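Hi,

Here is the structure I promised to pass on. My notes follow below it; have a look at both when you get a moment.

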Amino acid sequence: MSSSRSSVTALVIAVAAAFGAAEPAHAAGLLGGGVSGYVSDADTGLGLSGATLAWGALPPVAAEGSGRYLLTGLQPGETGTLTVAGPTGYEKTQIDGITLPTTGLGTQNVLLHRDWAASAGGAQSSSNDDGAAAAGCASSAATDNDRATGWSATVATHPDPQADPAQITIALPQTIDVRQFVIDPSASCAHDAGAALGAYRLQTSPDGITYNTAAEGTLDASARNRNTAIAPGANTAQIRFVRLQALAPQDAAQPTIDLRELQVFGAGPNTPPAGTVAVDAPRSFIKGVVRLRAAFTDADSTITRYLWDFDGDGRWDQATSGPSVAHVWTAAGTYHVAVGARDFRGGLGTAALDLRIIDPKALVEPVIQRKPLITFDPVDGIDLPVRIACSSKCTFTASLVLSKATAKSIKSKKRTVLALRKTTEGPGLGSWTITLPSKTIKLLRKAHRKSVKARLTASAVDQQKRRSTVHRWVTFR
């Protein structure tokens, strides 16, 4: 069990950003002081339900599904220790020297590593030297997450002890990318302190057949009775088996090599966030605020920030902690807008859309020697914006016709509810809005209808008798 903050505070800022700090409003009405926060997986950022937390002699409190916890009934201003036990297979820790505020709640977020070598988490261990098992010092004692027990192996007596050293092989419960090993090399089984593990080699394997060295070194007396973190130098990806070879004790005169705990930290392969991005309004105009909203999910990590590229140049222009952003474009055009969702583990998922930014005052050059063009913007409530582009003076007509069933349902006497005729002043652009008539809207309200579908027929004819006609069903809401 660690007695320092180092193992739990290095990534607290990232977790606090992901989950938010515990609400100080909960302090209102509490008897005495308290402390709250989130317990999260140090490798994925996900909240850990099932973790338990205690302060002094108070009964432990279980974290909620999101990892949030709340301890109350403490003395305001006191300094104490927060003891945290993770769910099955996770490490235990304690944070000393927490001083509560004199009013309200204190906040302490906690990050716990999953110990993939823990037998309680589904790992299985074996050894070529379990001779001390009868004395309670079998190799399984090094993976039971209990520093009161440990493994004891006999120092090899043949000429080259490293040729066939005592070793523990651990089959992890799933394939992971290893990030760190943690060793407590203290003596066990009532042996002298010098029996603590000295020279060691850590090997990894994806299949349990071929093993490669991930880390090796020598521990001295300063490593006793505490956890020593060891960063692997190679062979960390897609690992299913870990092997520790005990090469020598710290004191060469000792006949045994002892190990209290071996932990393996890491996480499974990361799947980046996946999702979409959409614009809030059906039309977007220059010099107006355009709001974009992303919708991403991440099953194996926590999304910590969103990155935005507004002009499609491949560079992120803005970062936000939430999934929405507002932006103003000053020039008309079609922009390839992208959003990236970055997760706690560094994974990046992206989505994009092509966004048309309109300048409503801009003139459209006529299309020479072509039939008239008819374009529609998305329906906005009861309005359907429409534009035509003609190479000469143009006449535009449009009609809305209800189906027989709809007309009968809303008791409309006529199926044709709108007939529109407009003429451009010359070549170029014509722009109008097809609006559902007020009479039809009243009938819809009486019939308790929130939407109606109508058959739209739109036609544009220029002076050269070139015609374009569009037929489509349009839903007004």
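Lys371 touches Arg466, Arg467 and Ser468, leaving out residues up to four places away in sequence (contact means heavy atoms within 4.5 Å). This is a predicted model, so keep the thresholds in mind: local features need pLDDT of at least 70, side-chain atom pairs count only at pLDDT 80 or more, and totals for chains, interfaces and linings use all residues. Residues are numbered from 1 along each chain as its sequence is written, and side-chain values use heavy atoms, with hydrogens and water left out.

Back to Lys371: you'll find it in the loop between β25 and β26 (strands are DSSP runs of E, at least two residues, numbered from the N terminus). At 49% relative accessibility, Lys371 counts as partly exposed; the scheme is buried under 20% relative accessible area, exposed over 50%, partly exposed in between, with a 1.4 Å probe and protein chains only. A polar atom of the Lys371 side chain sits 3.4 Å from the backbone oxygen of Arg467. That makes the cut for a polar contact, which is a pair of N or O atoms within 3.5 Å; within protein, one must be able to donate a hydrogen and the other to accept it, and residues adjacent in sequence count only if both atoms are side-chain atoms. Lys371 also has its C-alpha atom 7.2 Å from that of Cys390, with the two positions 19 residues apart along the chain.

From the other side of that contact, Ser468 lies in strand β32 and is buried, with a relative accessible area of 12%. Its side chain reaches the backbone oxygen of Pro372 at 2.5 Å. Which residues is Ser468 in contact with, leaving aside its neighbours within four places in sequence? They are Lys371, Pro372, Ile374, Ala458, Ser459 and Ala460.

Just along from there is a backbone oddity. Lys465 is not a glycine, yet its phi is positive, about 65 degrees. Lys465 lies in the loop between β31 (452-462) and β32 (467-476), and with a relative accessible area of 70% it is exposed. Ala190 belongs in the same paragraph: its phi is near 60 degrees, again a positive value in a residue other than glycine. Ala190 has its place in the loop between β11 (166-184) and β12 (197-205), and counts as exposed at 81% relative accessibility. For background, most residues other than glycine have a negative phi.

Now the charges. The structure holds 9 salt bridges, each being a side-chain nitrogen of Lys or Arg within 4 Å of a carboxyl oxygen of Asp or Glu. Three of them made it into my notes:

- Asp184 pairs with Arg147, the closest N and O atoms being 2.8 Å apart. The pair links distant parts of the chain, 37 residues apart: Asp184 is in strand β11, and Arg147 is in the loop between β9 (124-127) and β10 (151-154). Asp184 is buried at 2% relative accessibility, while Arg147 is partly exposed at 24%.
- Arg315 and Asp313 meet through their side chains at 3.2 Å, N to O. Arg315 counts as exposed, at 58% relative accessibility, and Asp313 as partly exposed, at 35%.
- Arg356 and Asp377 form a salt bridge with their closest N and O atoms 3.4 Å apart. Arg356 is in strand β25 (residues 348-358) and Asp377 in the loop between β26 (373-376) and β27 (383-390), so the pair ties together parts that are 21 residues apart in sequence. Arg356 is partly exposed, with a relative accessible area of 43%, whereas Asp377 is buried, at 15%.

That last pair turns up again in the cavity search. How many cavities of 30 Å³ or more does a search of the whole structure find? There are 2. A cavity here is a set of points, on a 1 Å grid over the protein atoms alone, where a 1.4 Å probe fits but cannot get out, and lining residues have an atom within 4 Å of a point. Grid points are joined across faces, edges and corners, and a volume is the space filled by probe spheres set on the points.

The second largest cavity has a volume of about 30 Å³. Its lining is made up of Arg356, Thr375, Phe376, Asp377, Pro385, Val386 and Arg387. β27 gives the most to that lining, with 3 residues.

Cheers

Key: Helix = DSSP H or I, 4+ residues; strand = E, 2+ residues; numbered from the N terminus. 1 Å grid on protein atoms, 1.4 Å probe; cavity = no way out; pocket = protein on both sides within 12 Å on 5 of 7 lines; lining within 4 Å.
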